[in-house]
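Please have a look at the structure below and follow the numbered points with the chain in view. They are meant to be read slowly, one at a time.

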Amino acid sequence: MKQRLTLRLPREALNQPITYRLAIDYDVASKIIRAQIGPNQEGVMVVELAGDIDDLAAATAWLRQQGLVVTTAAGQISIDRDRCVDCGICTTVCPTGALHMERPRWTLHFEVRRCVVCEQCIPSCPLGAIGLNLPTPSGSSSNRAQG
């Protein structure tokens, strides 16, 4: 099973070997999708964890015990095909290859199953054709405008 998480690391947790402990203690593989961590500052990481469902639950509990704020990716990226001109700029920042150009027509293709909702593509689109659909309390989705 795979799980996408955003981890907010307090200063005190910056020097801990977090991904190493996940692998050794919980048998959970971690892929760092995006990280913004500076010395002596708080940090943020978007990670994809893979492992047995029970191991993932134990690993997530351990992360919280270490003082990390753990949240799951709650939205889904959407492409407004009426605005998109298939320029491909978003494909250069997509860390998982969920956005790529299809040959021979060179049109943008989006593989939802590969998307980790890191949101790097949203500001890269010069036409604002990429957005984040967030779930509403009733369960339907709404598009968060970027600007």
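1. A word on the terms comes first: helices, of at least four residues, and strands, of at least two, are DSSP runs numbered from the N terminus. With that in mind, P104 can be placed in the loop between β6 (99–102) and β7 (107–110). Please keep in mind throughout that this is a predicted model.

2. The peptide bond that leads from R103 to P104 deserves a careful look, since it is cis, with an omega near 5°. As background, most peptide bonds are trans, and most residues other than glycine have a negative phi.

3. Which sign does phi take at D86, a residue other than glycine? The value is positive, near 60°, and D86 sits in the loop between β5 (76–79) and β6. Because its relative accessibility is 23%, D86 counts as partly exposed, a class that runs from 20% to 50%.

4. A second case is E119, which is not a glycine either and yet has a positive phi of about 70°. E119 is placed in the loop between β7 and α3 (121–124), and with a relative accessibility of 28% it counts as partly exposed.

5. Turning to the sheet, four strands form an open arrangement in the order β2-β3-β1-β4, and their pairing is antiparallel. The edges are formed by β2 (29–37) and β4 (69–72), each of which pairs on one side only. On average, and ignoring direction, neighbouring strands of this sheet are turned by 25° against each other.

6. Within this sheet, β1 and β4 pair in the antiparallel sense over four bridges. One residue to follow here is T6, which belongs to strand β1 (residues 2–9) and has T71 as its bridge partner in β4.

7. Is T6 buried or exposed? T6 has a relative accessible area of 18% and is therefore buried, the cut-off being under 20%. Leaving aside residues up to four places away in sequence, T6 touches V44, M45, V46, V69, V70 and T71, and T71 is the bridge partner already named.

8. Finally, please look at helix α2 (residues 53–65), which lies across β1, β3 (43–50) and β4. The helix runs at about 5° to β1, the strand in which T6 is found.

Technical notes:
Residues numbered from 1 in each chain as written. Predicted model: local features only at pLDDT ≥ 70, side-chain atom pairs only at ≥ 80, totals over all residues. Heavy atoms only, no water. Buried < 20%, exposed > 50% of the residue type's maximum accessible area, 1.4 Å probe, protein only. Contact = heavy atoms within 4.5 Å. Pairing = 2+ DSSP bridges. Axes fitted to C-alpha atoms, helices over the stretch in contact; angles between N-to-C directions.
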